[in-house]
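This report describes a protein model through its sheet, its helix contacts, its charged pairs and its backbone exceptions. The sequence and structure come first, and the discussion follows.

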Amino acid sequence: MQAYPNGVLPIISSITEIRDEGYNVYVKLPHNENVRRLFRSVNWAHYLAPSQFEKSEAMHDRHLVTRNFKDEKEQFQIVNDFMDVVLRSMELPKDIISGLEWSVNEITDNVLNHSKSKNGGFVQASTYPTNGVIAFAVADSGRGILESLKEGFPSLRTDTQAIGEAMKAGVTRNPKYGQGNGLAGSLRVTTLTGGSLEITSGKARVISTSNETTRNDRRDFQYYQGTLVCGQINVTNDFSISKALNFGMDENYEPGNVIDYHYEMEDQDCLILSMKKETTGFGTRRSGKQINTKINNLIKAKPNYPLVIDWEGVPVISSSFADEMVGKLFIKLGAISFSSIIRNINMEPLIRNLLDKAISQRLTQSNDEDE
């Protein structure tokens, strides 16, 4: 038995509605131990039956476990947390970072502005570094795309028609609440990377790739009141965010991204990484690798900006963390580039010594390999 977000998140959102109507819901998890563990670890079990299963607070290297958002503040935090997972998991071109963040932000924003879902939406996302794939799913138990768009397009009759209209640029139920480019832009972002976008609402499911669009009218018992949007983005250097989001306006339009907003200093052309805000910890090689990956993403996104690494509030790190984060980074960049790009500040003497030792050992190892 297997279970996937595009199947479970709609069930979670629907059961949440049922529970709000006063029904008691009891959940029996699958017999397969691996699947049972999955239900618990990604919070499916908790959201299906909060009284039976506690919420998992475990951090996952490559995944954003299922989260619920009901307002702009929670949505903002979820998008930021997801992008942090991505930046720590795999190296990405700047345009992929921008396209991914734009898409997830727009789709979750649609839930708050158009769905009229009392319980907001549910999000889950995963990264697959080996395959170069990022996948996300957003579900709500609101009124669905057809009912939403009929405000502005009363002639719409079927869910398939409504989804088709929603995927066109500039189509919105009310211009007061947006320009109607959210799904259209997300469709272009996903498919131009070689990925896909799947939309399910009411009795219709539409799946689009770069090659084709498949429309399926579902049976009555498959009716889903809300909306489910699943996206897959493939990491590629050929993707252009300005091309994807060109809706007949500025051909050079590029949205800001998480790096611009959270890592760029306000008063100078410089990036800053505050280590005390990182959630990976500082004691393992794995956590050092995650920070190394994030640093590579930051400097690739802003190649002409130096990166200030602020160690204030970090009392100690392990030798393996220092080697994975800084030792390998020094060898990859080279001495001249490392010295011109990386600036460490507010370090305890012990941390400075560990970083220097990590670089020295990597240099010695590199020299031995060259001989």
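Contact here means that heavy atoms lie within 4.5 Å of each other. The model is a predicted one, and the description below should be read with that in mind.

**A helix crossing and a helix over the sheet**

With that meaning of contact, D84, V86, L87, R88 and S89 in α4 meet Q290, T293, K294 and N297 in α11. The residues of this contact between α4 and α11 divide into 2 nonpolar, 4 polar and 3 charged. The axes of the two helices, α4 and α11, come within 6 Å and cross at roughly 95°, which makes α4 roughly perpendicular to α11. Helix α4 also lies across β1, β2 and β3 (133-140), and it runs at about 175° to β1.

Helix α11 also holds S287, which at 3% relative accessibility counts as buried. Leaving aside residues up to four places away in sequence, S287 touches T280, G281, F282 and F321.

**The sheet**

What is the order of the strands in the open sheet? The 7 strands are arranged as β1-β2-β3-β7-β4-β5-β6, and the pairing is antiparallel. Because β1 (63-69) and β6 (213-217) stand at the edges with a single partner strand each, one side of each is left without a neighbour in the sheet. From one strand to the next the twist averages 10°.

At one of these edges, β1 pairs with β2 (residues 121-128) in the antiparallel sense over 5 bridges, and the bridge partner of H63 in β2 is S126. Elsewhere in the sheet, β4 (residues 196-202) and β5 pair in the antiparallel sense over 6 bridges, with S201 having A204 in β5 as its bridge partner; these two strands, β4 and β5, form a hairpin with 1 residue between them. Strand β5 is in turn joined to β6 by 5 bridges, again running antiparallel, and I207 stands opposite T214 in β6. The hairpin formed by β5 and β6 has 3 residues between the strands.

The side chains along β5 (residues 204-209) alternate: A204, V206 and S208 point to one face and are buried, while R205, I207 and T209 point to the other and are not.

**Charged pairs**

Side chains of opposite charge can pair when their charged atoms come close. The structure holds 16 salt bridges, and the table lists three of them with their N to O distances.

| Pair | Distance (N to O) |
|---|---|
| K332 and E91 | 3.0 Å |
| R205 and E198 | 3.5 Å |
| D323 and R285 | 2.7 Å |

Where do the partners D323 and R285 lie? D323 lies in helix α12 and R285 in helix α11 (residues 285-301), so the pair ties together parts that are 38 residues apart in sequence. D323 is buried, with a relative accessible area of 10%, whereas R285, at 37% relative accessibility, counts as partly exposed. The pair is also part of one network, in which salt bridges that share partners join R285, D323, E324, K328 and R362.

In the pair formed by R205 and E198, R205 is partly exposed with a relative accessible area of 24%, while E198 is buried with a relative accessible area of 12%.

A further salt bridge brings together the side chains of K332 and E91. K332 lies in helix α12 (residues 319-333) and E91 in the loop between α4 (72-89) and α5 (94-115), so this pair ties together parts that are 241 residues apart in sequence. At 32% relative accessibility, E91 counts as partly exposed.

**Positive phi outside glycine**

Most residues other than glycine have a negative phi. Against that background, N43 has a phi near 75°, a positive value in a residue other than glycine, and K116, which is not a glycine either, has a positive phi of about 55°. Is each of these residues buried or exposed? N43, placed in the loop between α2 (33-41) and α3 (44-48), counts as buried at 0% relative accessibility. K116, by contrast, is placed in the loop between α5 and β2 and counts as exposed at 60% relative accessibility.

Definitions and conventions: Residues are numbered from 1 along each chain as its sequence is written. This is a predicted model: local features need pLDDT of at least 70, side-chain atom pairs count only at pLDDT 80 or more; totals for chains, interfaces and linings use all residues. Side-chain values use heavy atoms; hydrogens and water are left out. A salt bridge is a side-chain nitrogen of Lys or Arg within 4 Å of a carboxyl oxygen of Asp or Glu. Helices (H or I, at least four residues) and strands (E, at least two) are DSSP runs, numbered from the N terminus. Buried means under 20% relative accessible area, exposed over 50%, partly exposed in between (1.4 Å probe, protein chains only). Axes are lines fitted to C-alpha atoms, for helices over the stretch in contact, and angles run from 0 to 180 degrees between N-to-C directions. Angles under 35 degrees count as roughly parallel, over 145 as roughly antiparallel, 65 to 115 as roughly perpendicular and the rest as oblique. Ala, Val, Leu, Ile, Met, Phe, Trp, Tyr, Cys and Pro count as nonpolar, Asp, Glu, Lys and Arg as charged, and the others, Gly among them, as polar. Two strands pair if DSSP finds at least two bridges between them.
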